[in-house]
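Me: Could you take a close look at one part of this structure for me, and walk me through what surrounds it? A connected account would suit me better than a list.

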Amino acid sequence: MSGTLGFKLARVAVVVAVFLLWETLSRTGIVNPRLLPSASDSLAMLGELLQRASVRNDLLVTASEVLTAFILAVPLGALIGFLIAENRYFADVAKPLLFFAFSIPKSIFLPMFILVFGVGFAEKVGYGFFSTIFIVIMSTTAAVESVKIEHLTVARSYGATTAQTAFRVYLPSMLPVLLEALRISMIFNLTGVMLAEMYASRNGFGHQIATWGENFQMKQLLAGVVMISVIAIAFNELIRWIETRCSHWRT
Amino acid sequence: MQPLANITPLKPASRAGAVEIRGVGQVFKTSTQDVTALEDVSMEVKPGRFVVLVGPSGCGKSTLLMMMAGLRQQTSGTVLINGAPIPKPDPNRVGVVFQEASLFPWLTAEENIEFPLTLRGTPKVERRAKAQDALKLVGLDGFGKRHPHELSGGMKQRVSIARGLVQDPPVLLMDEPFAALDEQTRMTMGDELLRIWAATGKTVVFVTHSLTEAVYLADEVVVMSARPGRIVDHLTVSLPRPRTYEMLSGDVFGSLRDRIWRHIRKSA
């Protein structure tokens, strides 16, 4: 998955090249530096921002919203997905409906969340939850379906109890798909919370980014973009790392 | 078909490893009609015999095997293993080897073999020792740490056989275990299975589509017909053991295979 050393070096080279291009375009004035401050200036600003108590506070607000939405959406979505997948009738009724719901852009519902919850923590968490739960349900049904009937028969023929079947067959079979679901749901979740913060909010990092944009504070804006990108990539890669460790047997 | 009255009950002491099927029927109820999958099937497998079930698709030979494994219950009649009914799977009496892909891919070969013991809570040291013995028996000494995706098709089925034997049950049931293997591996695995069978003295009931495989492996071949599944012939293979590749082209082999083929062609 991670490839050989050559591929890794090539990837690093691409990232470095992007930053160098950014720096050059800005320094030479090919792109107006007021519109695109240099990479070095933006990264220096990033360091400065991290020192500010208000920025750290915004990050904390966003993190608590993201985590609360995630902790609510993932177990509940997984439970609903599991119940749907284990019951033929539910599966037949609910599956097309889930696809319908999934295809609707969630952002059009954001004004309703503001009307119901008001601008604040509950609205952000509610909207983050709403952005995430459908993908969790759909991924969990896929995870349950990845359990092979042959494996269940083997467990039964060697006298496995229900609990043994759950922990020794269902869980390991589903784990790779579940971890992937976790990773993808976090992308949806983070997108939802950031959008809600940018749309209408008094605090949170998304609010901060929107404000910097409106005030044409490009250095701060770019620094913020880099920061959120790094956090999102780090979480994604962490889960991917666990995924490859848990699913080395998948070929 | 053997009439019921001809089956003389074995003495209880000698019934370890015996498989007795008496007047077994199986009816599947669907919303529109009742389908008779098996009708009045009776047969007896004496301890230590190698018996092969053959028949066209849909003759119920796999269904019959699942009944012997306690994985499915017959609508009527009796199935006895070691002289006792088998209302649910009992790994102490019966080991089952399935078609391909029945190993757990997230476990190593030895963990797969230990799986039945793990379920019973056998201590790890004892489990490992038994798994090692089973690996040796099936000719996979030293391959215990490999995962299934690192093993060839034939090796995977050796692991399945080891898993079926690890609790030392008197009866080994095999449901088309070599169906997914290529021809050469299949021949080799047949010889390997006969070696393991000779070494362990288990009763083996083996389901296959291949007539050559049936005659090559079996002491007795039970031929079934389709819709409803019935036993149409029960023949003894008189070829000496060990079986050799040369026997495949001999007259005895040919006439036995022809006899089975005529039954199957008639009912298919």
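Reply: Happy to. Let's start from B:Arg227, which counts as exposed because its relative accessibility is 64%, over the 50% cut-off. Please keep in mind that this is a predicted model. B:Arg227 sits in the loop between S9 and S10 of chain B, and although B:Arg227 is not a glycine, its phi is positive, at about 40 degrees. The hairpin formed by S9(B) and S10(B) has four residues between the strands.

The next thing to look at is the peptide bond that joins B:Arg227 to B:Pro228: this bond is cis, with omega about -10 degrees. B:Pro228 also belongs to the loop between S9 and S10 of chain B. So the positive phi of B:Arg227 and the cis bond to B:Pro228 can be viewed together with the exposed state of B:Arg227, given its 64% relative accessibility.

On either side of that loop, the strands S9(B) and S10(B) are antiparallel and pair over six bridges. If you would like a pair to display, B:Met224 has B:Ile231 in S10(B) as its bridge partner.

Following the chain onward from the hairpin, you come to the loop between S10 and H7 of chain B, where B:Pro242 is found. Here is another cis peptide bond, joining B:Arg241 and B:Pro242, with omega about 0 degrees.

Then comes helix H7 of chain B, residues 251–267. Its 17 residues reach 25 Å from the first C-alpha to the last, close to the expected 24 Å. The buried residues of H7(B) are B:Phe253, B:Gly254, B:Leu256, B:Ile260, B:His263 and B:Ile264. These buried residues bring us back to the hairpin, as they pack against strands S9 (220–225) and S10 (230–236) of chain B, and also against strand S3 (50–54) and helix H6 (211–217).

For a contrast with B:Arg227, have a look at B:Glu176, in the loop between strand S7 (171–175) and H5 of chain B. B:Glu176 is not a glycine either, and its phi is positive, near 40 degrees. Yet B:Glu176 counts as buried, because its relative accessibility is 12%, whereas B:Arg227 counts as exposed at 64%.

Technical notes: Residues are numbered from 1 along each chain as its sequence is written. Chains are lettered from A and ligands numbered from 1 in the order in which they are written. This is a predicted model: local features need pLDDT of at least 70, side-chain atom pairs count only at pLDDT 80 or more; totals for chains, interfaces and linings use all residues. Side-chain values use heavy atoms; hydrogens and water are left out. Helices (H or I, at least four residues) and strands (E, at least two) are DSSP runs, numbered from the N terminus. The expected span of a helix is 1.5 Å times one less than its number of residues. Buried means under 20% relative accessible area, exposed over 50%, partly exposed in between (1.4 Å probe, protein chains only). Contact means heavy atoms within 4.5 Å. Two strands pair if DSSP finds at least two bridges between them.
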